[in-house]
Amino acid sequence: MIVRLRSLLTQWTAVVPVVAVVLLAFTWGRDLPGAIVALVTLVLAGAVLAAVHHAEVIAHRVGEPFGSLVLAIAVTIIEVALIVTLMVDGGPKSSTLARDTVFAAVMITCNGIVGLCLLVASLRHGLAVFNAEGTGAALATVATLATLSLVFPTFTTSKPGPEFSTTQLTFAALASLVLYGLFVTTQTVRHRDYFLPITRLGEVIDVEEHANAPSARAAGISLGLLTLALVGVVGLAKGVSPTIESGVEAAGMPQSVVGVIIALLVLLPETIAAVRSARRDRVQTSLNLALGSAMASIGLTIPAVALASVWLSGPLVLGLSSTHMVLLALTVVVSSLTVVPGRATPLQGGVHLVVFAAYLELAVTP
């Protein structure tokens, strides 16, 4: 009995994703009492840790930058499915859901995750070193996607309010897909070396030396369990959202805070994986995860909601407010100055974290 218990504990990363999906099936669409919410939260935390574990197994098998790409795309696809589902069921209140979620993802990844990873790496190793060419290309793509999809709707005049016309929305969706496709091709085929970790002397680290790569079978199992874990993370986060909404309303905060909290929960696996890479002095991998997630969030969400808008009756508000546009512009400027040298000190990490803190503060007290 004791041996079986120990074996179960050692295989928890395989058990928790299955438990998360089963729990999701029993709780989806239902009002949950306090005890069940506590259980869901506990399983949600376990699913996050399991997702990080399986993402690292896959990354070790396929190598960088493919590993970070797998986690970023997997999380985003499930997140997009959740957004579209909520928009279909949410009525007029969901008109700003896509905008709020995408902007929250951009701020969390480009300031929260990037700042935390730079701070951890520079404090632990003296200096955070990365490839400026690859990171600069990723940042330019994120900035262009964010401007085309979230800033332009505020200034267009074809429709009243911060909305795109059908033609403009179609262009934004196609442009997002094209730019994201070009970036993935550049990252994985044409200039893969730009997105690999580098040494202090600027030499590319193409092979990890610390352990043998897992077998194809083990990586395949981890891919399936990663998918289950991410479905559980996003679905259970949706399940606890009514409790979060009640708490936010009781605290007198705006409803947009709910979107920020959900985005933080959904992006938790990438955050943990990125910080672990930073601790190992693989800052480029951390930046691939952060900027890749921001890019995938815009590049996949905008086309999805554009397609969904065909049968959505309410408006689709994508344009940012003036305050959020200032935060986005500040993020692009600060990120550019961080990327150009190809190395960062704790100061750069701290600056990004302060910008992220300002976003959170303005979300709570706009």
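Over which residues does pLDDT stay under 50? That happens over residues 5-10, and the model has 1 contact beyond four places in sequence for them. Keep in mind that you're looking at a predicted model, so how far you can trust each part is a good place to start. Then we'll look at the salt bridges.

**Confidence**

- Across the protein chain, pLDDT averages 82, and 88% of the residues score at least 70.
- Helix H1 (residues 2-10) is where confidence is lowest, with a mean of 46.
- At the other end of the scale sits helix H12 (residues 322-339), where confidence is highest, at 95.
- Where pLDDT is low, don't read the predicted coordinates in detail.

**Salt bridges**

- If you search the whole structure, you find 2 salt bridges.
- One of them links Asp-100 with Arg-99, and their closest N and O atoms are 3.2 Å apart.
- Another pairs Glu-163 with Lys-159, with 3.4 Å between the closest N and O atoms.

**Buried or partly exposed?**

- In the Asp-100 and Arg-99 pair, Asp-100 is partly exposed, at 22% relative accessible area.
- Its partner Arg-99 has 17% relative accessibility, and since buried means under 20%, Arg-99 counts as buried.
- In the other pair, the acidic residue Glu-163 is the buried one, with a relative accessible area of 13%.
- Lys-159, meanwhile, is partly exposed, and its relative accessible area comes to 33%.

How values were computed
Residues numbered from 1 in each chain as written. Predicted model: local features only at pLDDT ≥ 70, side-chain atom pairs only at ≥ 80, totals over all residues. Heavy atoms only, no water. pLDDT = per-residue confidence, 0-100. Helix = DSSP H or I, 4+ residues; strand = E, 2+ residues; numbered from the N terminus. Contact = heavy atoms within 4.5 Å. Salt bridge = Lys/Arg side-chain N within 4 Å of Asp/Glu carboxyl O. Buried < 20%, exposed > 50% of the residue type's maximum accessible area, 1.4 Å probe, protein only.
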